[in-house]
Amino acid sequence: MARLSLLMLAVMIELSRGNRIESKDEQKAVQLASDQDADPSESPYYYRQKPGWENTANDDVKRLSSVQPEMRQIFVPVKEWTEVASLSIHMMIATSMLENLKNATHVVDIGSGTGALLAVFAELVPKSAVLEGLEYMTEVADAARQKMEEASLLFKKNGNDTAETVAKKISQTGIAGGENGDLFNFNLKGERDGEFDVINVGFAMSENQIPGALWKALAVNGKLGMPICDGASSASSSVTKCPCHYHIFTKNSEEAEFPGTKLEGSEHMRIENDIHFMVVRPPLKFTERVECPGGYSGCDQFSEQVPLPKDGARFVEKVLSSSWTNQATTKQGSDTDWIHMKSWQEEIEVSSWGLTVVYVLDCEEGDTVMTWTFTGLGDLQSMGTRRISQHKGKQGDCIG
């Protein structure tokens with residue numbers, strides 16, 4: 001009887017241990033379900049959809065050979081799982097961009113990794129379309145070309161002539177690596193403005209750090225899709241991943257400005273599923289701090305928290321100078337009145353970030369307050385760094 005009790009106790013211990021292991025595995029799977037880099041040796045989300053993502057892909061996309069395990073196996077990472085995203089994310093992107101892809105002439109995937117999403121795009125675009133991948137890591141870009149060659153052979157085996165042709169072109173000339181694969185070198189001089197029907201970015205950014213060159217590169221009715229961190233991030237942050245959502249922006253006209261994430265409607269759509277993606281920030285070599293003169297409230301904070309390209313920093317310094325503010329024209333009252341207001345504004349076009357400033361001189365009984373309000377292709381308002389001001393008190397030069 002005692003031996004039987006001991007045996008039953010041993011069985012109960014093993015069952016309990018098994019339940020604990022299963023619980024840990026379940027918890028790990030839940031965490032990986034929201035991650036960019038779910039390792040298929042630990043979780044199947046590289047090869048099949050995550051729970052809760054079933055409605056983010058339509059049947060046409062689910063039937064593509066490029067989302068089946070045989071094709072996905074080709075694009076496993078070279079070193080790290082941050083080189084690829086989950087199958088659910090790739091199918092969601094393809095579904096969201098489907099009509100644009102079917103009629104596209106130019107498509108680019110920035111941060112294309114091993115090329116898994118490019119293979120999906122290759123199966124959807126016309127044979128004449130030009131697909132490009134930009135991948136900063138040279139070793140990964142080199143591997144992606146070889147993987148795309150293998151994909152073209154598999155497309156051929158499956159009888160998909162169009163995808164075979166497109167994938168072959170990508171393998172030969174369509175994937176740029178190193179400096180040529182860097183987002184912050186993309187369309188820097190406006191040489192590709194208005195060219196792309198679809199632009200996808202394969203890593204997360206804070207909205208305030210999105211280069212304006214991306215938006216400018218879109219064709220009319222083109223779509224830009226990318227993960228955007230749910231909160232603002234400073235240039236010096238050490239965070240490597242952020243909780244984010246995938247956002248899709250549509251350029252409805254040639255003159256349309258970047259709509260930002262707060263606008264809802266035809267110009268902006270947010271995919272509600274939570275994701276975690278690797279964060280990419282502007283490299284220091286492309287940014288520069290503003291040299292703030294003394295007595296300007298908010299300037300040091302602006303310089304610290306808003307990464308600007310060199311031409312943007314020079315622009316800020318210029319508009320703080322008296323030679324620029326002297327161009328302001330009187331909008332209310334008269335220069336000789338104790339109460340009057342002057343204003344002036346300018347936009348910098350050559351900056352990849354885009355930057356606009358509105359300057360206001362407010363004179364009330366000889367008390368001068370000058371304010372510079374900055375906006376750009378990013379949500380500067382949410383960072384509390386949009387204004388620089390100077391208060392000259394009774395010694396101001398209000399009266400002209």
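What share of the 400 residues of the chain counts as buried? In this predicted model, the share is 49%. The close-ups below go through the chain part by part.

**Figure 1. The chain as a whole holds 12 helices and 13 strands.** The model is predicted. Buried residues make up 49% of the 400 in the chain. Contacts with a separation of 6 or more were also sorted by distance along the chain; residues 24 or more positions apart account for 66% of them.

**Figure 2. The second largest pocket has a volume of about 650 Å³.** Its lining has 39 residues, and the closest to the pocket centre are Gly111, Glu135, Phe203, Met278 and Val280. Helices H4 (87–96) and H6 (116–122) each give two or more residues to the lining. So do strands E1 (106–110), E2 (130–135), E4 (196–201) and E8 (275–278). The largest share, three residues, comes from H4. By type, the lining residues divide into 23 nonpolar, 10 polar and six charged.

**Figure 3. Helix H4 is mostly covered.** Nine of its 10 residues are buried. Leu87, Ser88, Ile89 and His90 are buried, as are Met91, Met92, Ile93, Ala94 and Ser96. H4 also gives three residues to the lining of the second largest pocket.

**Figure 4. The largest nonpolar core has 57 residues.** Nonpolar side chains tend to be buried together in soluble globular proteins. Within this core, Phe75 and Leu131 have the most contacts. Several helices give two or more residues to it: H3 (69–74), H4, H5 (98–102), H6, H7 (138–157) and H8 (161–174). Strands E6 (241–250) and E8 also give two or more. H6 gives the most, with seven residues.

**Figure 5. A close-up of Phe75 shows its contacts beyond neighbours within four places in sequence.** Phe75 is one of the two residues with the most contacts inside the largest nonpolar core. Leaving those sequence neighbours aside, Phe75 is in contact with Tyr46, Val84, Thr114, Gly115, Ala116 and Ala119. Lys147, Met148 and Ala151 are also in contact with Phe75.

**Figure 6. Cys229 and Cys242 form a disulfide.** It is one of two disulfides counted in the model. The sulfur atoms of Cys229 and Cys242 are 2.2 Å apart. The angle about the S-S bond is -85°, and the link is left-handed. Cys229 lies in strand E5 (residues 218–229) and Cys242 in strand E6, so the pair ties together parts that are 13 residues apart in sequence. Both Cys229 and Cys242 are buried.

**Figure 7. A disulfide joins Cys292 to Cys299.** The S to S distance is 2.1 Å. This disulfide is left-handed, because the torsion about its S-S bond is about -85°. How do the two cysteines stand in accessibility, buried or partly exposed? Cys292 counts as partly exposed because its relative accessibility is 23%. Cys299 is buried, with a relative accessible area of 0%.

**Figure 8. Cys244 is in no disulfide.** The nearest cysteine sulfur is that of Cys242, 4.4 Å away. A disulfide calls for sulfur atoms within 2.5 Å. Cys244 has a relative accessible area of 1%, so it is buried.

**Figure 9. Asp230 is found in the loop between E5 and E6.** Asp230 counts as partly exposed, at 47% relative accessibility. Its contacts, neighbours within four places in sequence left aside, are Pro243, Cys244 and His245. Asp230 and Tyr246 are 16 residues apart along the chain, and their C-alpha atoms are separated by 10.0 Å.

**Figure 10. Val316 is found in helix H11 (residues 310–319).** Is Val316 buried or exposed? Its relative accessible area is 0%, so Val316 is buried. With neighbours within four places in sequence left aside, Val316 is in contact with Val290, Phe302, Leu308, Leu355, Phe374 and Ile388. Val290 is 26 residues from Val316 in sequence, and the two are 6.9 Å apart in space, C-alpha to C-alpha.

Notes: Residues numbered from 1 in each chain as written. Predicted model: local features only at pLDDT ≥ 70, side-chain atom pairs only at ≥ 80, totals over all residues. Heavy atoms only, no water. 1 Å grid on protein atoms, 1.4 Å probe; cavity = no way out; pocket = protein on both sides within 12 Å on 5 of 7 lines; lining within 4 Å. Points joined across faces, edges and corners; volume = space filled by probe spheres on them. Helix = DSSP H or I, 4+ residues; strand = E, 2+ residues; numbered from the N terminus. Nonpolar A, V, L, I, M, F, W, Y, C, P; charged D, E, K, R; others polar. Core = buried A, V, L, I, M, F, W, Y, C linked by side-chain atoms within 4.5 Å. Buried < 20%, exposed > 50% of the residue type's maximum accessible area, 1.4 Å probe, protein only. Contact = heavy atoms within 4.5 Å.
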